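Here is a briefing on one protein model. Please keep the sequence and the structure in view while reading.

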Amino acid sequence: AKILSPSYKTDKDFFIALEEVQLKAKSRQNLKKGDVVIETVQLSLPSLLEIGAQGNLNDWGKSFDLKVRMPKADLGSIWQKAPESVKTQAQNLTVQGIASLNIEAKGNAPTPSDLKKFNLPLQLSGRFGIQNATVSLPKLSTKNLNASTRINYKNKQGQVAIKVEIDEFTN
């Protein structure tokens, strides 16, 4: 499906307008068992971002195996589309760069008891990155900011690794 010129407006001065939104989805379902095979789900906001998912849900999501990928999000273009009320509150912030995201999750849906004990019956791995970013405020600026975050969770143990590199930082 392709939607041309979608927009979102609230009564509080919040307005976002896009040129185009594309959504592609292909899946197979067994509605008696509650099984879903997601061959592809892709959301594209041209010149802003693309994100896609694929995987399996069994017994109405009680067990799952999912992969989500966002190979590229243009931070500068996204910031340009932000509502003026948000930009004004951010005190002349400017942002440029590319963000990416990969997440893989496999396991079973946690019960309320699992959540209370943080005993999650799943495996999770993810990576979020920012490449060649520039962030500027009136009295603060970074150039060529590169950051990556990796998250892994398995067998009740988690690991988080964060790496940040900045070529130039001024204030």
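Strand 6 and strand 7 form an antiparallel pair held over 9 bridges. Within that pair, Ala53 has Val68 of strand 7 as its bridge partner. The model is predicted. The points below cover the sheet, its two ends, the largest pocket and a handful of single residues.

**The sheet**

- The sheet is open and has 9 strands.
- Its strand order reads 1-4-5-6-7-8-9-10-11, and the pairing is antiparallel.
- Strand 1 (2–4) and strand 11 (157–170) are the edge strands, each with pairing on one side only.
- From one strand to the next, the twist averages 10°.

**The strand 1 end**

- Strand 1 and strand 4 run antiparallel and are joined by 3 bridges.
- Ile3 faces Val21 of strand 4 across this pairing.
- Strand 4 also pairs with strand 5, again in the antiparallel sense, over 9 bridges.
- Gln22 has Ser44 as its bridge partner in strand 5.
- The hairpin of strand 4 and strand 5 has 4 residues between the strands.
- In this hairpin, Gly34 takes a positive phi near 75°.

**Glu20, a charged residue in strand 4**

- Glu20 sits in strand 4.
- Is Glu20 buried or exposed? Its relative accessibility is 18%, and the limit for buried is under 20%, so Glu20 counts as buried.
- Beyond its neighbours within four places in sequence, Glu20 is in contact with Lys2, Ile3, Leu4, Ser5 and Pro6. Ser44, Leu45 and Pro46 are also in contact with Glu20.
- Glu20 and Leu122 are 102 residues apart in sequence. Their C-alpha atoms are 36 Å apart in space.

**The strand 11 end**

- Strand 10 (residues 140–154) and strand 11 pair in the antiparallel sense, with 13 bridges.
- Lys154 has Gln157 of strand 11 as its bridge partner.
- How many of the 14 residues of strand 11 are buried? The number is 0, so strand 11 lies largely in the open.
- The hairpin of strand 10 and strand 11 has 2 residues between the strands.

**Positive phi around strand 10**

- Asn155, in the hairpin of strand 10 and strand 11, has a positive phi near 50°.
- Lys156 is not a glycine, yet its phi is positive at about 65°.
- Lys156 lies in the loop between strand 10 and strand 11. Its relative accessibility is 60%, and the exposed class starts over 50%, so Lys156 counts as exposed.
- Asn144 is another residue other than glycine with a positive phi, here near 55°.
- Asn144 is found in strand 10 rather than in the loop. Its relative accessible area is 27%, which makes Asn144 partly exposed.

**The largest pocket**

- The largest pocket holds about 230 Å³ of space.
- It is lined by 15 residues. Those closest to its centre are Val41, Gln42, Glu50, Ile51 and Gly52.
- Which strands each supply at least two residues of the lining? They are strand 4 (20–30), strand 5 (35–45), strand 6 (49–58) and strand 7 (63–74).
- By class, the lining has 5 nonpolar, 6 polar and 4 charged residues.
- Strand 6 and strand 7, the pair with 9 bridges described at the start, both contribute to this lining.

**Ile78 in helix 1**

- Ile78 belongs to helix 1 (residues 75–81).
- Ile78 has 33% relative accessibility, a value between the 20% and 50% limits, so Ile78 counts as partly exposed.
- Which residues does Ile78 touch, leaving aside its neighbours within four places in sequence? The contacts are Leu48, Leu49 and Ala73.
- Ile78 and Leu48 are 30 residues apart along the chain. Their C-alpha atoms are separated by 5.8 Å.

Notes:
Residues are numbered from 1 along each chain as its sequence is written. This is a predicted model: local features need pLDDT of at least 70, side-chain atom pairs count only at pLDDT 80 or more; totals for chains, interfaces and linings use all residues. Side-chain values use heavy atoms; hydrogens and water are left out. On a 1 Å grid over the protein atoms alone, a cavity is a set of points where a 1.4 Å probe fits but cannot get out, and a pocket is an open set with protein on both sides within 12 Å along at least five of seven lines; lining residues have an atom within 4 Å of a point. Grid points are joined across faces, edges and corners, and a volume is the space filled by probe spheres set on the points. Ala, Val, Leu, Ile, Met, Phe, Trp, Tyr, Cys and Pro count as nonpolar, Asp, Glu, Lys and Arg as charged, and the others, Gly among them, as polar. Two strands pair if DSSP finds at least two bridges between them. Axes are lines fitted to C-alpha atoms, for helices over the stretch in contact, and angles run from 0 to 180 degrees between N-to-C directions. Buried means under 20% relative accessible area, exposed over 50%, partly exposed in between (1.4 Å probe, protein chains only). Contact means heavy atoms within 4.5 Å.
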